[in-house]
Amino acid sequence: EEVQKASGHSQHCSTGDTTAMEMIMFAILFGCNPIYIAGMDLDYSLGYATKDGGTRPRGDTPYVNLRSNLYNDLKILDESAKLRDTQIIDLNKETWFDVFEKGDI
């Protein structure tokens, strides 16, 4: 909601999906420009770690819902950044979300 207030975007991001989103939000709020993203693929389809130290197996159905939320939030973050004249540059060449401007190191 703070990014929404700061940017004037009509929507705000959901909460708690991944700390990567929170870091992008903080970067936008702190006035970082440009914001570079490296090593963030957000692809949990191969499984991911759980709070208890185990792993959730590949193809688990909650990921389908998470992926939709992540994509929506990434779009909101990109649009919010642009409303603040902030550039987000993704250094990852092949991400499933493909929302941010692509860049080189």
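This report describes the fold, the largest pocket, the aromatic pairs and two individual residues of a predicted protein model.

## Overall fold

The protein contains 3 helices and 5 strands. From the start of the sequence to its end, these elements come in the order α-α-β-β-β-α-β-β. Two helices therefore come before the strands begin, and the third helix sits between a run of three strands and a final pair.

Of the 105 residues in the protein, 34% are buried. The accessible surface amounts to about 6600 Å², and carbon and sulfur atoms account for 49% of that area. When contacts between residues at least 6 apart in sequence are considered, 59% of them join residues at least 24 apart.

## The largest pocket

The largest pocket holds about 200 Å³ of space. Its lining is made up of 15 residues, and those nearest the pocket centre are E1, E2, V3, E22 and M25. Three elements each give two or more residues to this lining: α1 (2-7), α2 (19-29) and α3. The greatest contribution is from α2, which supplies 4 residues.

Sorted by class, the lining residues of the largest pocket comprise 6 nonpolar, 6 polar and 3 charged.

## Aromatic pairs

The structure has 3 aromatic pairs. One of them joins F26 and F30, whose ring centres are 5.8 Å apart. The planes of F26 and F30 meet at 25 degrees, and the pair counts as stacked because this angle is under 30 degrees. F26 has a relative accessibility of 40%, so this residue is classed as partly exposed. F30 has a relative accessible area of 64% and is therefore exposed, since the value is over 50%.

Another pair is formed by W96 and F97, with 5.5 Å from centre to centre and 85 degrees between the planes. That arrangement is edge-to-face, because the angle is over 60 degrees. The partners W96 and F97 fall on either side of the 20% limit for burial: W96 is partly exposed at 22%, whereas F97 is buried at 2%. Ring pairs also bring in F100, so that W96, F97 and F100 are linked into a cluster.

## T18 in the loop between α1 and α2

T18 lies in the loop that connects α1 and α2. Its relative accessibility is 13%, which is under 20%, so T18 counts as buried. Leaving aside residues up to four places away in sequence, T18 touches L42, Y44 and L70. These three contacts, with L42, Y44 and L70, are made by heavy atoms within 4.5 Å.

## K75 in helix α3

K75 belongs to helix α3, which covers residues 62-83. This helix is also among the elements that give two or more residues to the lining of the largest pocket. The relative accessible area of K75 is 35%; the residue is partly exposed because this value lies between the 20% limit for buried and the 50% limit for exposed.

K75 and C13 are 62 residues apart along the chain, while their C-alpha atoms are separated by 9.3 Å.

Terms used
Residues are numbered from 1 along each chain as its sequence is written. This is a predicted model: local features need pLDDT of at least 70, side-chain atom pairs count only at pLDDT 80 or more; totals for chains, interfaces and linings use all residues. Side-chain values use heavy atoms; hydrogens and water are left out. Buried means under 20% relative accessible area, exposed over 50%, partly exposed in between (1.4 Å probe, protein chains only). Accessible areas come from the Shrake-Rupley method with a 1.4 Å probe; for residues, only the protein chains shown count as cover. On a 1 Å grid over the protein atoms alone, a cavity is a set of points where a 1.4 Å probe fits but cannot get out, and a pocket is an open set with protein on both sides within 12 Å along at least five of seven lines; lining residues have an atom within 4 Å of a point. Grid points are joined across faces, edges and corners, and a volume is the space filled by probe spheres set on the points. Ala, Val, Leu, Ile, Met, Phe, Trp, Tyr, Cys and Pro count as nonpolar, Asp, Glu, Lys and Arg as charged, and the others, Gly among them, as polar. Rings of Phe, Tyr and Trp (its six-membered ring) pair if their centres lie within 6.5 Å; planes under 30 degrees apart count as stacked, over 60 as edge-to-face and the rest as tilted.
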